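Trainee: Could you walk me through this one before I start my notes?
Mentor: Gladly, ask away once it is on the screen.

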Amino acid sequence: MKKYVIDSSSLIHFEDTYPNDILPTLWDKIYGLFDEGIAYSLKEVYVELEDSQELWDNYKDCFRELSEEESQAVEKILIDSRFDVFKRWGMKKEPWADPYLIASALVNKDVILVTQENMNNNPERKIEYVCKKLKIPCINFLEFLRDVPVKV
């Protein structure tokens with residue numbers, strides 16, 4: 001069964017584009033995907049959501065810790081010279097969930113990474129660039145809604 005690990009950029013895009021007070025049915029469906037384990041994210045992403053954590057408080061358990069195997073994959077990603085620009089850029093940010101998300105999708109072959117990052121500017125810095133190099137499926141939030149599919 002396909003699963004989706006979701007980046008903070010996608011969750012922030014979701015919050016901004018599809019407000020809960022206007023589209024509560026859509027939010028209920030997304031929360032349902034988290035409840036069912038079809039969608040999940042990581043503790044590092046929850047930290048990145050500092051301005052909107054209250055929207056996700058009831059779903060804190062869906063922001064999980066990495067497994068041991070995923071943690072080892074993070075280390076491999078960060079020492080891979082193909083990703084030096086990604087690493088240099090990311091290490092400037094606190095917190096930085098990107099390599100953790102990539103590692104989760106790398107280790108779990110049935111997982112698709114969902115990110116809203118734009119590849120137009122400095123693509124070597126972006127999740128999608130690393131995913132392409134590692135042959136990890138990566139889609140944006142609208143593609144995720146269509147892939148699941150979510151209908152309201």
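**Buried positions, sheet and rings**

Mentor: Let us begin with Val45, which counts as buried at a relative accessibility of 0%; bear in mind throughout that this is a predicted model.

Trainee: Where is Val45 placed?
Mentor: Val45 sits in helix 3, which covers residues 43-48.

Trainee: And which residues does Val45 touch?
Mentor: Leaving aside residues up to four places away in sequence, Val45 touches Ile6, Asp7, Ser8, Leu11, Phe63, Ala97 and Leu101. There is also a spatial relation to Asp98, since the C-alpha atoms of Val45 and Asp98 are 8.5 Å apart, with these positions 53 residues apart in sequence.

Trainee: Switching to the sheet, what is the strand order?
Mentor: The sheet is open and has five strands in the order 3-2-1-4-5, with parallel pairing. Its edge strands are strand 3 (63-64) and strand 5 (138-139), each of which pairs on one side only.

Trainee: How many bridges join strand 2 and strand 3?
Mentor: Strand 2, residues 39-42, pairs with strand 3 in the parallel sense over two bridges, and Ser41 stands opposite Phe63 of strand 3.

Trainee: Which strands does helix 6 lie across?
Mentor: Helix 6 (residues 98-107) lies across strand 1, strand 2, strand 3 and strand 4 (111-114), and runs at about 135° to strand 2.

Trainee: Now the rings: how many aromatic pairs are there?
Mentor: Searching the whole structure gives 15 aromatic pairs. In one of them, Tyr4 and Phe144, the ring centres are 5.0 Å apart and the planes are at 70°, so the pair is edge-to-face.

Trainee: Why does that pair tie together parts that are 140 residues apart in sequence?
Mentor: Because Tyr4 belongs to strand 1 (residues 3-6) whereas Phe144 belongs to helix 8 (residues 141-147). Tyr4 is buried, at 2% relative accessible area, and Phe144 is buried as well, at 0%.

Trainee: What about Tyr18 and Phe141?
Mentor: Tyr18 and Phe141 form a tilted aromatic pair, with 6.4 Å from centre to centre and 40° between the planes. Tyr18 lies in the loop between helix 1 (8-17) and helix 2 (24-35) while Phe141 is in helix 8, so this pair ties together parts that are 123 residues apart in sequence.

Trainee: Is Tyr18 buried or exposed, then?
Mentor: Tyr18 counts as buried at 17% relative accessibility, because the cut-off for buried is under 20%; Phe141 is buried at 0%.

Trainee: Which residues form the aromatic cluster?
Mentor: One cluster is formed by Tyr4, Phe14, Tyr18, Trp27, Tyr31, Phe34, Tyr46, Trp56, Tyr59, Phe63, Phe141 and Phe144.

Methods
Residues are numbered from 1 along each chain as its sequence is written. This is a predicted model: local features need pLDDT of at least 70, side-chain atom pairs count only at pLDDT 80 or more; totals for chains, interfaces and linings use all residues. Side-chain values use heavy atoms; hydrogens and water are left out. Rings of Phe, Tyr and Trp (its six-membered ring) pair if their centres lie within 6.5 Å; planes under 30 degrees apart count as stacked, over 60 as edge-to-face and the rest as tilted. Helices (H or I, at least four residues) and strands (E, at least two) are DSSP runs, numbered from the N terminus. Buried means under 20% relative accessible area, exposed over 50%, partly exposed in between (1.4 Å probe, protein chains only). Contact means heavy atoms within 4.5 Å. Two strands pair if DSSP finds at least two bridges between them. Axes are lines fitted to C-alpha atoms, for helices over the stretch in contact, and angles run from 0 to 180 degrees between N-to-C directions.
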